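Got a minute to look around a protein model? Have the sequence and the 3D view open side by side, and we'll go from the overall layout down to single side chains.

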Amino acid sequence: MHNKDQLFAAPIAQLGDFCFDEQVADVFPDMIQRSVPGYSNILSAIGMMTERFAQPGSRLYDLGCSLGAATLMMRRHVPYQDCSIVGIDNSPAMVERCRSHLNAFKSTIPVEIHEGDICDVAIENASVVVLNFTLQFIAPEQRLPLLQRIYQGLLPGGLLILSEKFKFEDEPVSDLIIDLHLDFKRANGYSELEISQKRTLLENVLRADTVATHKSRLAAAGFVHSDLWFQCFNFGSLVAIKQGASA
């Protein structure tokens, strides 16, 4: 049974910025399930795409791995015993829990979980790279350089899965989609106070892009093939394939 997210249930006198600390790590699975529509669909598809795109003797990366949900899905579905998985997160609380979470499940596929900044990590010999709701927390000026490094580190035919919260330029559409997401959170038991407090904390650290911005940035990073494969309200996921043997 996951701990219930009640972090924002009482008034917080001094709202700072949202950070992935011990308190968030404790309730993270519940927070994600109740806040991100379609999250379980995205995880399932990460498993399916891992099975299809993993290449023998290659590495798979989960950048911003948090508690390792995507790492676990990749490990479960990778079809080659000589592959390895690297997960990176800059939150010590998340890394510690991620390691114990992964250790709870038996597997012969080697996984390394590192504490660090994904912008500094070497991406090498990669067949699958996952950025699952991670890029939105990276400084905007660092996003293209990170994608360029991922592109360089991917093998020909390699895959990037990029899941993000999106923003919308058209005001009536944007208002509708934001309202639908708020309804989704209310339906999942969040109160008005929790919703407004969490939004205030996230506003300074989560800077969303439009789908068009993501696609043009992926093209600028070198990806010829990219598109949206999933969207539910203002959350979704893109795939980008590096041209080559399997593309």
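What follows is a walk through a predicted model, starting with the whole chain and then moving to strands, helices and rings.

**The whole chain**

The protein has eight helices and seven strands. Of its 247 residues, 50% are buried. Take the contacts between residues at least 6 apart in sequence: 80% of them join residues at least 24 apart. On the outside, the protein exposes about 11600 Å², and carbon and sulfur atoms supply 52% of that.

**Strand β7 and its partners**

A good place to zoom in is strand β7, residues 235-241. Six of its seven residues are buried, so β7 is largely enclosed by the rest of the structure. Seven bridges join β7 to strand β5 (residues 154-165), and the two run antiparallel. Seven bridges also join β7 to strand β6 (residues 225-232), again in antiparallel fashion. To find your way across the strands, look for Ile-161, which stands opposite Val-239 in β7, and for Phe-230, which stands opposite Ser-237 in β7.

β6 and β7 make a hairpin with two residues between the strands, and Phe-233 there takes a positive phi near 55°. Another positive phi turns up at Gly-222, near 120°, following helix α8.

Strand β5 also holds a glycine, Gly-157. Is Gly-157 buried or exposed? Its relative accessible area is 1%, and because buried means under 20%, Gly-157 counts as buried. The C-alpha atom of Gly-157 is 9.1 Å from that of Gln-55, although the two residues are 102 apart along the chain.

**Two helices and what covers them**

Helix α8 spans residues 211-221, and its buried residues are Val-211, His-214, Arg-217, Leu-218 and Ala-221. They cover an arc of only 130° around the axis, which puts them on the same side of α8. The spacing fits a general rule: an α-helix has 3.6 residues a turn, so residues three or four places apart point the same way. The cover over the buried residues of α8 includes α5 (140-153), β5, β6 and β7.

Now move to helix α3, residues 69-77. Here the buried residues are Ala-70, Thr-71, Leu-72, Met-73, Met-74 and Arg-75. They pack against the helices and strands in this table.

| Element packed against α3's buried residues | Residues |
|---|---|
| α2 | 39-53 |
| β1 | 59-63 |
| β2 | 84-89 |
| α4 | 92-103 |
| β3 | 111-115 |
| β4 | 126-132 |

**Rings**

How many aromatic pairs are there? The count comes to four. One of them is Trp-229 with Phe-230, a tilted pair at 5.5 Å centre to centre with 45° between the planes. The partners sit in different surroundings: Trp-229 is partly exposed at 28% relative accessibility, whereas Phe-230 is buried at 17% relative accessible area.

Elsewhere, ring pairs link Tyr-39, Phe-133 and Phe-235 into a cluster. One more ring is worth a look, that of Tyr-151: Lys-242 lies over its face, 4.6 Å from the ring centre.

Note on methods
Residues numbered from 1 in each chain as written. Predicted model: local features only at pLDDT ≥ 70, side-chain atom pairs only at ≥ 80, totals over all residues. Heavy atoms only, no water. Phe/Tyr/Trp six-rings, centres within 6.5 Å; stacked < 30°, edge-to-face > 60°. Buried < 20%, exposed > 50% of the residue type's maximum accessible area, 1.4 Å probe, protein only. Lys NZ or Arg CZ within 6 Å of the ring centre and 35° of its normal. Helix = DSSP H or I, 4+ residues; strand = E, 2+ residues; numbered from the N terminus. Contact = heavy atoms within 4.5 Å. Areas by Shrake-Rupley, 256 points an atom, 1.4 Å probe, with all protein chains shown as cover. Pairing = 2+ DSSP bridges. Arc of directions from axis to C-beta.
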